[in-house]
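Hi everyone, thanks for making the time. I'd like to walk you through one structure today, so have a look at it on the screen while I talk.

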Amino acid sequence: MIDCQNLMKIYKIDDDHEVIALQGLDLQVEDGEMMGIIGSSGSGKSTLLNMLGGLDRPTAGKLLIDGKDLLRLSDKELVKYKLETVGFVWQNNARNLIPYLSAVENVEMPMLIKGHHKRSRAKEILEMVGMGHRLHSKLGSLSGGEQQRVAIAISLANNPRLILADEPTGSVDVKTADLILDVLRNLNRELGVTIVIVTHDTQLTKKMDRIVAIRDGKTSSEILRRSHFLHENTDSEESLQEEETHVELAVLDSARRVQIPEEYLEAIGITDTNKVRMEMEEDKIIIVNPK
Ligand SMILES: Nc1ncnc2c1ncn2[C@@H]1O[C@H](COP(=O)(O)OP(=O)(O)OP(=O)(O)O)[C@@H](O)[C@H]1O
Ligand SMILES: [Mg+2]
């Protein structure tokens, strides 16, 4: 679904200043995958999502989504891509929803823009996200979690192949966050839609097939689940067992470089130098402080 290689995004602030938000990022996502992206503030998560969603154009690199080359699409093709191929869910409800319209009218809106508006379909989607009982409620009368479920319904309006969610649970409590994630998980299973979620919440990442960590605009490591998530409503004991099946792997980029976590370097006293000694020992590669 997504093939992203050596992706660069440079924001030009003024004539003398630029920010390198993505510096040669590699990411592959399979069709039907539900994956998470984590990383500290400013690491480039939203920038990446904006590139994937066609909201902004990459500076350089390769970005293929569902067979479309996002660096080569014309403006017109990009508009079509945003309307038909991807659906967006934001953290901030105001960005997802039109407050003076009802839930069902909100879901119809992207359909209207595309030109195939169908009330029955809008109702069906709201039922899928568990909002069938509030079809005609104005958005303002819904709770944060309910509004976020409507936002998910809106993102599904034009049957996208890919849903991009930037901190979709950022402004709701833990229990609601869990519920929203279950809604996404079910849609992923039932519709086969590929889902990429940016999240800070490490509790939620346990529910995903794979988590990619971004550091300084590059993918630095991946956390993989060894067995698939089998028990949805696990009690605490079962979820503990699930945790143990996660394994974190460092990512080799296309030039075979690997990022070493800052805390590892600090632990061996590498703070004010950019040199390390690398040694080969039997089947291990060892990095040593040269001092
Ligand atoms: N439109 C922009 N113009 C200039 N710089 C930008 C722009 N958008 C993002 N940046 C910069 O790019 C870098 C990556 O930002 P980004 O928003 O992708 O981070 P993030 O990982 O989503 O952070 P957070 O967790 O805080 O949302 C930051 O240094 C940010 O200041
Ligand atoms: Mg962000």
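Let's begin with helix H5, where Ala-122, Ile-125 and Leu-126 are buried. Those three cover an arc of only 100° around the axis, and that places them on the same side of H5. If you want the background, an α-helix has 3.6 residues a turn, so residues three or four places apart point the same way. I should say right away that this is a predicted model.

What do the buried residues of H5 pack against? There are two partners here, helix H4, residues 103–114, and helix H6, residues 144–156.

H5 itself spans residues 119–128, and Glu-124 lies within it. Glu-124 counts as partly exposed, because its relative accessibility is 42% and partly exposed covers the range between 20% and 50%. For a sense of distance, take Glu-124 and Arg-185: they are 61 residues apart along the chain, and their C-alpha atoms are separated by 18 Å. After H5 comes Gly-130, with a positive phi near 75°.

While we're on backbone angles, here is a reminder. Most residues other than glycine have a negative phi. So which residues should we look at?

One is Asp-66, a residue other than glycine whose phi is positive, near 50°. You'll find Asp-66 in the loop between strand S4, residues 60–65, and strand S5, residues 68–69. With a relative accessible area of 26%, Asp-66 is partly exposed.

Another is Arg-256, also not a glycine, with a positive phi near 65°. Arg-256 sits in the loop between strand S11, residues 246–250, and helix H10, residues 262–267. Buried or exposed, this Arg-256? It is exposed: the relative accessible area of Arg-256 is 63%, and the cut-off is over 50%.

Now to the ligand, which I suspect is what you docking people came for. The residues around ligand 1 are Tyr-11, Val-19, Ala-21, then the run Ser-40, Ser-41, Gly-42, Ser-43, Gly-44, Lys-45, Ser-46 and Thr-47, and finally His-200. By type, that shell divides into three nonpolar residues, eight polar and one charged.

Let me go through some polar contacts. At Ser-43, a backbone N or O atom lies 3.3 Å from an oxygen atom of ligand 1. At Gly-44, a polar backbone atom is 3.0 Å from a ligand 1 oxygen. And at Ser-46 the side chain takes part, with an N or O atom 2.8 Å from an oxygen atom of ligand 1.

How much of ligand 1 does the protein bury? Taken alone, ligand 1 exposes 630 Å², and the protein buries 60% of that. The elements that give two or more residues to the shell are strand S2, residues 18–29, and helix H1, residues 45–52. H1 provides the largest share, three residues.

Stay with H1 for a moment, as Asn-50 is also in that helix. Asn-50 counts as buried, because its relative accessibility is 19% and buried means under 20%. If you're filtering on that threshold, this is a residue to keep in view. Leaving aside neighbours within four places in sequence, Asn-50 is in contact with Leu-55, Asp-56 and Trp-90.

There is another asparagine to show you, Asn-188, in helix H7, residues 174–191. Asn-188 is buried too, with a relative accessibility of 5%. Not counting residues up to four places away in sequence, Asn-188 touches Gly-32, Glu-33, Met-34, Val-193 and Ile-195.

That leads us to my last stop, Thr-194, found in strand S8, residues 194–198. At 0% relative accessibility, Thr-194 counts as buried. Which residues does Thr-194 contact, leaving aside its neighbours within four places in sequence? The contacts are Met-1, then Val-29, Glu-30, Asp-31, Gly-32 and Glu-33, and also Arg-161, Leu-162 and Ile-163. With Gly-32 there is a polar contact as well: the side chain of Thr-194 reaches the backbone nitrogen of Gly-32 at 2.8 Å. Gly-32 and Glu-33 may ring a bell, because both are touched by Asn-188 and by Thr-194.

One more distance before I stop: Thr-194 and Ala-94 are 100 residues apart along the chain, and their C-alpha atoms are separated by 24 Å.

That's my tour, so thanks for listening, and I'm happy to take questions.

Note on methods:
Residues are numbered from 1 along each chain as its sequence is written. Chains are lettered from A and ligands numbered from 1 in the order in which they are written. This is a predicted model: local features need pLDDT of at least 70, side-chain atom pairs count only at pLDDT 80 or more; totals for chains, interfaces and linings use all residues. Side-chain values use heavy atoms; hydrogens and water are left out. A residue is near a molecule or strand if one of its heavy atoms lies within 4 Å of it. A polar contact is a pair of N or O atoms within 3.5 Å; within protein, one must be able to donate a hydrogen and the other to accept it, and residues adjacent in sequence count only if both atoms are side-chain atoms. Accessible areas come from the Shrake-Rupley method with a 1.4 Å probe; for residues, only the protein chains shown count as cover. Helices (H or I, at least four residues) and strands (E, at least two) are DSSP runs, numbered from the N terminus. Ala, Val, Leu, Ile, Met, Phe, Trp, Tyr, Cys and Pro count as nonpolar, Asp, Glu, Lys and Arg as charged, and the others, Gly among them, as polar. Buried means under 20% relative accessible area, exposed over 50%, partly exposed in between (1.4 Å probe, protein chains only). The arc is that of the directions from the helix axis to the C-beta atoms. Contact means heavy atoms within 4.5 Å.
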